[in-house]
Amino acid sequence: MSQRPIDRSPDLKRLRDEGYNLQVVEAYLVVWDIPYLAAKDEIKRGILVCVLSLANDIATPPGDHTANFIGAYPCHADGSQITQIVNSENNLKVSDELTTNFYLSAKPQPSGRYENFYDKVTTYVRLISGPAQEVDQDVTANTFTLVRDDEHDEIFNYFDTASSRADIVEVNRKMCLGRVAILGHGGTGGYILDYVAKVPVREIHLFDGDLFLQHNAFRAPGAPSGDELEKQPYKVDHFYDIYSKMRKGIVPHREFMSAENLHLLEGMNFVFISMEAGTVKKAVIEKLLQLNIPFVEVGMGVYLRNNVLGGLLRTTAATAKNSDHLWGRISLSDGGVKNEYDKNIQIAELNALHAAFAVIKWKKIFGFYDDRRGEHYSTYAIGRNDTNNEDAA
């Protein structure tokens with residue numbers, strides 16, 4: 001919950017100044033203490049819930065004319081139900097404490113749209129509270145409740161309005177993990193971070209001891225300037241600077257994983273392995289298995305033939321349900337045959353696609369996405385443009 005959007009938005013601040021009991025919860029505007037008349041002339045208090053539209057946590061005009069209500073079915077003074085604004089019953093979970101009961105629709109005429117949230121809220125309050133005030137003219141939604149500020153615990157620097165607009169806040173809450181690590185940020189790892197940064201994970205730990213150089217700019221998310229490249233920052237610092245603009249909890253580690261720092265994996269809820277093959281990767285996997293930490297490993301092999309690029313993207317997952325397949329699927333060789341990927345060919349789109357495969361699998365493991373096959377190993381072949389799923393759990 002936060003008062004920040006209310007402080008920054010003239011229409012919301014006007015509502016609070018007039019005594020409405022407001023809160024912003026998961027990018028929903030929640031208005032408490034709305035008096036209404038329930039069945040048998042009983043006056044009760046309900047809660048109005050509207051999806052917020054924000055720009056840098058400043059309210060923009062409402063996206064639509066609808067709202068939600070928590071309470072019993074509101075009635076007219078004659079006891080009949082207010083069917084004119086109640087569209088249907090619903091069950092939208094806004095938070096652990098708030099689940100709506102009714103979906104409301106009161107379209108203003110003739111425009112069909114509310115200009116701001118002050119107009120929208122006061123219209124709904126008038127329609128819902130009017131019959132109650134016919135019974136008791138002293139009841140009001142302007143309760144002047146004490147204002148509290150609880151925004152110190154927010155993960156993002158501004159609200160995630162994408163989830164609230166799509167009503168997937170409850171699904172998104174499944175990804176509220178404590179700590180996730182990304183090992184390696186040469187190409188795919190940067191895009192994994194780009195996707196994970198938008199998820200409500202409390203801490204994202206970045207591990208890589210390399211500098212962010214000019215060739216990295218052509219295979220990483222974002223568009224660094226020449227001045228930024230000239231500074232040659234560590235990759236983890238470069239990404240920290242980008243994503244800390246959006247969220248808290250980015251923890252850069254200017255070091256590669258090694259036998260000496262495997263203990264840093266302790267306490268992670270999930271790990272993405274996007275580092276090069278080698279004996280260190282084997283030690284990382286053994287450590288994660290020992291700690292029962294689920295993970296996804298990504299490996300890419302790209303070759304040049306007849307002047308076109310082909311190859312394979314490999315995504316391997318390990319969970320409590322299945323880890324027996326790992327040693328036959330993941331490359332652990334330090335040397336061997338070099339492919340074109342080792343030459344840092346500019347394949348940003350393959351890195352991004354591979355990161356998307358890894359993050360989708362991660363979200364499947366935690367119940368965000370439907371997972372009917374339960375595959376723990378999948379490949380994408382560039383030439384055939386097809387995917388293959390194996391090692392189901």
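Guide: Buried means under 20% relative accessible area, exposed means over 50%, and partly exposed lies in between. Keep that scale in mind. The structure above is a predicted model.

Visitor: Let me try the scale. Is Glu286 buried or exposed, or something in between?

Guide: Glu286 has a relative accessible area of 38%, so this residue is partly exposed. Lys282 comes out at 36%, which makes Lys282 partly exposed too.

Visitor: Which bond joins the side chains of Glu286 and Lys282?

Guide: A salt bridge joins them, with 2.5 Å from N to O. For such a pair, the nitrogen of Lys or Arg must be within 4 Å of a carboxyl oxygen of Asp or Glu. Now find both residues in the fold. Glu286 and Lys282 sit in helix 9, four residues apart, which is about one turn of the helix.

Visitor: How many salt bridges does the structure hold?

Guide: There are 22. Some residues join up in a network of salt bridges: Lys361, Lys364, Asp371 and Glu375.

Visitor: What does Asp237 pair with?

Guide: Asp237 makes a salt bridge with Arg254, and their closest N and O atoms are 2.7 Å apart. This pair links distant parts of the chain, with the two positions 17 residues apart. Asp237 belongs to helix 8 (residues 235-243), while Arg254 is in the loop between strand 11 (250-253) and strand 12 (270-273).

Visitor: Is each partner buried or exposed?

Guide: Use the percentages. Asp237 counts as buried because its relative accessibility is 16%. Arg254 counts as exposed because its value is 54%.

Visitor: Which residue does Glu266 form a salt bridge with?

Guide: The partner is Lys287, and the closest N and O atoms are 3.5 Å apart. Glu266 is in the loop between strand 11 and strand 12, and Lys287 is in helix 9 (residues 279-291), so the pair ties together parts that are 21 residues apart in sequence. Read the scale again. Glu266, at 39%, is partly exposed, whereas Lys287, at 15%, is buried.

Visitor: Next, cysteines. How many disulfides does the count come to?

Guide: A pair of cysteine sulfur atoms must be within 2.5 Å to qualify. The count here is zero disulfides. You can still place cysteines on the exposure scale. Cys75 is buried, because its relative accessibility is 3%. Cys176 is partly exposed, because its value is 42%.

Visitor: How do I read a helix? Which residues of helix 2 are buried?

Guide: Mark the buried positions, then look at where they point. In helix 2 (residues 10-17) they are Asp11, Leu12, Leu15 and Arg16. These residues cover an arc of only 140 degrees around the axis, so they lie on the same side of helix 2.

Visitor: What do the buried residues of helix 2 pack against?

Guide: They pack against helix 1 (4-8), strand 1, strand 2 (28-38), strand 5 (58-59) and helix 3 (117-135). Then see what follows helix 2. Gly19 does, and its phi is positive, near 100 degrees.

Visitor: One last stop: strand 1. Where is Gln23, and which side chain does Gln23 contact?

Guide: Gln23 is in strand 1 (residues 21-25). Its side chain makes a polar contact of 3.0 Å with the side chain of Trp32. Now use the opening scale once more. Gln23 has a relative accessible area of 18%, so Gln23 is buried.

Key:
Residues numbered from 1 in each chain as written. Predicted model: local features only at pLDDT ≥ 70, side-chain atom pairs only at ≥ 80, totals over all residues. Heavy atoms only, no water. Buried < 20%, exposed > 50% of the residue type's maximum accessible area, 1.4 Å probe, protein only. Polar contact = N/O pair within 3.5 Å; in protein donor to acceptor, adjacent residues only side chain to side chain. Arc of directions from axis to C-beta. Contact = heavy atoms within 4.5 Å.
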